[in-house]
Amino acid sequence: MEYQYDNWQLINSLNIGDTSTTSVTPAQLEFIKKFGESSLETQNRIGLLPGTDYPNPGKAADGLFFPSCYNHADDLIGFPGSAVIDGWTSGTVLANWFFDRNPSAPRRLTDVGEVGLPTSPTCTGVNT
């Protein structure tokens, strides 16, 4: 599970500054866009995006929950405003996959649209 624009990584690991309560600067906005592009490219290279071939057949059952959000996997710990993709939350997808509760449930979900800024309608965006 990875949010395309993981705000914890951006704020705490990459030190772009606190963007949760203030509008982002043009420099921060550009960095957030580049981070999202890099996240998408990483998922594409390892073949986890829906519609791509996974390069390691032994790992074909791996899953992905990759919303276009500026969050940090909040729905796993019960915060409101969580990402939903095609009616599924990351916690439900993870539980279905890990415990094999619903073999017909999707294992790879993303709502990534045009690369740029977060586009998911179900979770937090960037204060511009």
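From the N terminus on, the elements of the protein follow the order α-α-β-α-β. That order comes to three helices and two strands. The structure is a predicted model, and every value below was computed from it. Helix 1 covers residues 7-13, and helix 2 covers residues 26-45. Strand 1 is made of residues 64-66, and helix 3 of residues 90-98. Strand 2 takes in residues 108-110.

Some totals describe the protein as a whole. It has 128 residues, and 35% of them count as buried. The accessible surface comes to about 7,200 Å². Carbon and sulfur atoms hold 54% of that surface. Contacts can also be sorted by how far apart the two residues are in sequence. Among contacts with a separation of 6 or more, 64% are between residues 24 or more positions apart.

A walk through single residues can begin close to the start of the chain, with Tyr 5. Tyr 5 sits in the segment before helix 1. Is Tyr 5 buried or exposed? Its relative accessible area is 0%, so Tyr 5 is buried, since the limit for buried is under 20%. Which residues does Tyr 5 touch, if those up to four places away in sequence are not counted? The list includes Leu 10, Ile 32, Lys 33, Phe 35 and Gly 36. Tyr 5 also touches Ser 68, Cys 69, Tyr 70 and Asn 71, and further along the chain Gly 116, Leu 117 and Pro 118. Another pair shows how sequence and space can be set side by side: Tyr 5 and Phe 66 are 61 residues apart in sequence, while their C-alpha atoms are 9.6 Å apart in space.

One residue on that list, Ser 68, can be followed next. Ser 68 belongs to the loop between strand 1 and helix 3. With a relative accessible area of 2%, Ser 68 is buried. Leaving aside neighbours within four places in sequence, Ser 68 is in contact with Gln 4 and Tyr 5. The other contacts of Ser 68 are Asp 111, Val 112, Leu 117, Pro 118, Thr 119, Ser 120 and Cys 123. For Thr 119 there is a distance to add: a polar atom of the Ser 68 side chain lies 2.9 Å from the backbone nitrogen of Thr 119.

The same loop between strand 1 and helix 3 also holds Asp 86. Asp 86 has a relative accessibility of 67% and therefore counts as exposed. Asp 86 and Pro 106 are 20 residues apart in sequence, and their C-alpha atoms are 9.7 Å apart.

Aromatic rings come next. A pair of aromatic rings is described by the distance of the centres and the angle of the planes. How many aromatic pairs does a search of the whole structure find? The search finds two. One of them joins Trp 97 and Phe 98: the ring centres are 6.2 Å apart and the planes stand at 55°, so this pair is tilted. Edge-to-face would need planes over 60 degrees apart. Phe 98 also pairs with Phe 99, with 4.9 Å from centre to centre and 90° between the planes, and this pair is edge-to-face. Together, Trp 97, Phe 98 and Phe 99 form one aromatic cluster.

How accessible are these three residues? Trp 97 has a relative accessible area of 36% and is therefore partly exposed. Phe 98 counts as exposed because its relative accessibility is 56%. Phe 99 is found in the loop between helix 3 and strand 2, and at 52% relative accessibility Phe 99 counts as exposed. The cut-off for exposed is over 50%. The aromatic residues also take part in a nonpolar patch on the surface, made of Met 1, Leu 94, Trp 97, Phe 98 and Phe 99. The accessible area of this patch is about 520 Å² together.

Two residues remain, and both concern the backbone angle phi. Asp 100 lies in the loop between helix 3 and strand 2. Although Asp 100 is not a glycine, its phi is positive, at about 50°. Its relative accessibility is 45%, so Asp 100 counts as partly exposed. Asn 15 has a positive phi of about 55°, and Asn 15 is not a glycine either. Asn 15 is placed in the loop between helix 1 and helix 2. At 61% relative accessibility, Asn 15 counts as exposed.

Notes. Residues numbered from 1 in each chain as written. Predicted model: local features only at pLDDT ≥ 70, side-chain atom pairs only at ≥ 80, totals over all residues. Heavy atoms only, no water. Helix = DSSP H or I, 4+ residues; strand = E, 2+ residues; numbered from the N terminus. Buried < 20%, exposed > 50% of the residue type's maximum accessible area, 1.4 Å probe, protein only. Polar contact = N/O pair within 3.5 Å; in protein donor to acceptor, adjacent residues only side chain to side chain. Contact = heavy atoms within 4.5 Å. Phe/Tyr/Trp six-rings, centres within 6.5 Å; stacked < 30°, edge-to-face > 60°. Patch = residues over 30% accessible without salt bridge, like charges linked within 9 Å, V, L, I, M, F, W, Y side chains within 5 Å. Areas by Shrake-Rupley, 256 points an atom, 1.4 Å probe, with all protein chains shown as cover. Salt bridge = Lys/Arg side-chain N within 4 Å of Asp/Glu carboxyl O.
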